[in-house]
Amino acid sequence: MYQTSLTAYFRGGNSSTWKLQPEPHPSATSKFKRCLDIVGSLVGLVILAILFVPIAIAIKFDDPTGPIFFEQERYGLQGRPFRLRKFRSMVSDAEKLKSLVENEANGLFFKSKNDFRVTRVGKFLRSSSLDELPQFFNVLVGEMSLVGTRPPTADEVSKYQGHHWERLNVKPGLTGEWQINGRSQVKDFEQVVKLDLQYQKKWHPLYDVLVLVKTFHILLGRTGAF
C-alpha cells in the first residue's frame, strides 16, 4: 500500500523506481529488537522527563519567538510517513533561510557545519544529541527503532533513485551505522546509503546492542556532530 501510494505521489505511479522487498527486513519483525526498543525508549523518556524543563527554558530564553519542538514529516519502514519530533535547535524561521546556507553535503541530504540558523543552545543540544530525546516517543510507538537507518525527508525521498529505496526496508533509527562511523562528518549521501545497506547485511539481534554501546561511547566524547 505504502509503495503504491508513495510512488504515485512522487513518481507519477511508476513503481519501477521501487526496490523495496515484499517483506520487511528481519529486524523489523524481531521480537528481541522490539523489546529492546521498548525498554530503551522508556529509559529515554525518563531522561526526557528529567531534562525537559531546563531544556525548554533554555530554548525559549535563547529564541523566545519559536516553539520548543521541531516537527517534520519523515518516511520510515517501507515508505510509511510519520511525524518526527526534536527539540528545536534552530531559529524559528529556519526553513525560510535555508536557501542562504551552503550545503556542504553531496547528494540528497543537507549538511552545513557553520549553519548560522543554529542557535547557541541548539549547538549544545546537537553536539550532545539531546535534541533527539523526543524521538523516544517515535520509538515507543513503533515508528522508529533505537538502531536503524537515518529517516529521510519528503524532499529527499522525492529524488530517490533505484537502490536508494532499499534503505527503507528497515525502521529508521535514533542511531545506526552512520552514527558510529562519523556522524555528521559523513557528508556523501551515497556513503550514507552504503552504511545503511551494510547494517541490513550485518544485522542480528545482538548487533543492535553493539551499535548502542558504540553510540554511547561516541556521545560521551561528543565527537562528530554539529
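Gln-78 sits in the loop that connects strand 1 (69-75) to strand 2 (81-87), where helices (H or I, at least four residues) and strands (E, at least two) are DSSP runs numbered from the N terminus. The model is predicted, so that local features need pLDDT of at least 70 and side-chain atom pairs count only at pLDDT 80 or more, while totals for chains, interfaces and linings use all residues. Residues are numbered from 1 along each chain as its sequence is written, and side-chain values use heavy atoms, with hydrogens and water left out.

The phi of Gln-78 is near 55 degrees, a positive value in a residue other than glycine. Most residues other than glycine have a negative phi. Gln-78 counts as buried, at 10% relative accessibility; buried means under 20% relative accessible area, exposed over 50%, and partly exposed in between (1.4 Å probe, protein chains only). The loop belongs to a hairpin, in which five residues separate strand 1 from strand 2. These two strands pair in the antiparallel sense over seven bridges, pairing being assigned if DSSP finds at least two bridges between two strands. Within this arrangement, Glu-73 has Arg-83 of strand 2 as its bridge partner.

Ser-129 also has a positive phi, about 65 degrees, although it is not a glycine. This residue is found in the loop between helix 4 (120-128) and helix 5 (135-140), and Ser-129 is buried, with a relative accessible area of 13%.

The wider fold provides the setting for both loops. The protein chain has nine helices and four strands, following the pattern α-α-β-β-α-α-α-β-α-β-α-α-α along the sequence. Of its 226 residues, 46% count as buried.

Attention now turns to the interior. The largest nonpolar core, a set of buried Ala, Val, Leu, Ile, Met, Phe, Trp, Tyr and Cys residues joined through side-chain atoms within 4.5 Å, has 23 residues, of which Ile-55, Phe-87, Leu-125 and Leu-133 touch the most other members. Helix 2, strand 2, helix 4, helix 5, strand 3 (145-147) and helix 9 each supply at least two residues of this core, and helix 2 gives the most, with four residues. Leaving aside neighbours within four places in sequence, Leu-125 is in contact with Ile-55, Ile-59, Phe-87, Arg-88, Leu-130 and Asp-131, contact meaning heavy atoms within 4.5 Å. Apart from the largest core lies another, of 15 residues, among them Tyr-75, Ala-105, Trp-165 and Phe-189.

The open spaces complete the picture. A pocket is an open set of points, on a 1 Å grid over the protein atoms alone, where a 1.4 Å probe fits, with protein on both sides within 12 Å along at least five of seven lines; lining residues have an atom within 4 Å of a point. The largest pocket holds about 1,200 Å³ of space. Its lining comprises 48 residues, and Arg-74, Lys-86, Phe-110, Arg-126 and Arg-150 lie nearest its centre. Strand 1 contributes the largest share of this lining, five residues. The second largest pocket holds about 660 Å³ and is lined by 21 residues, of which Ile-47, Phe-136, Thr-215, Phe-216 and Leu-219 lie nearest its centre. Helix 2 (31-62), strand 4 and helix 9 (205-221) each supply at least two residues of that lining.

Methods
Points joined across faces, edges and corners; volume = space filled by probe spheres on them.
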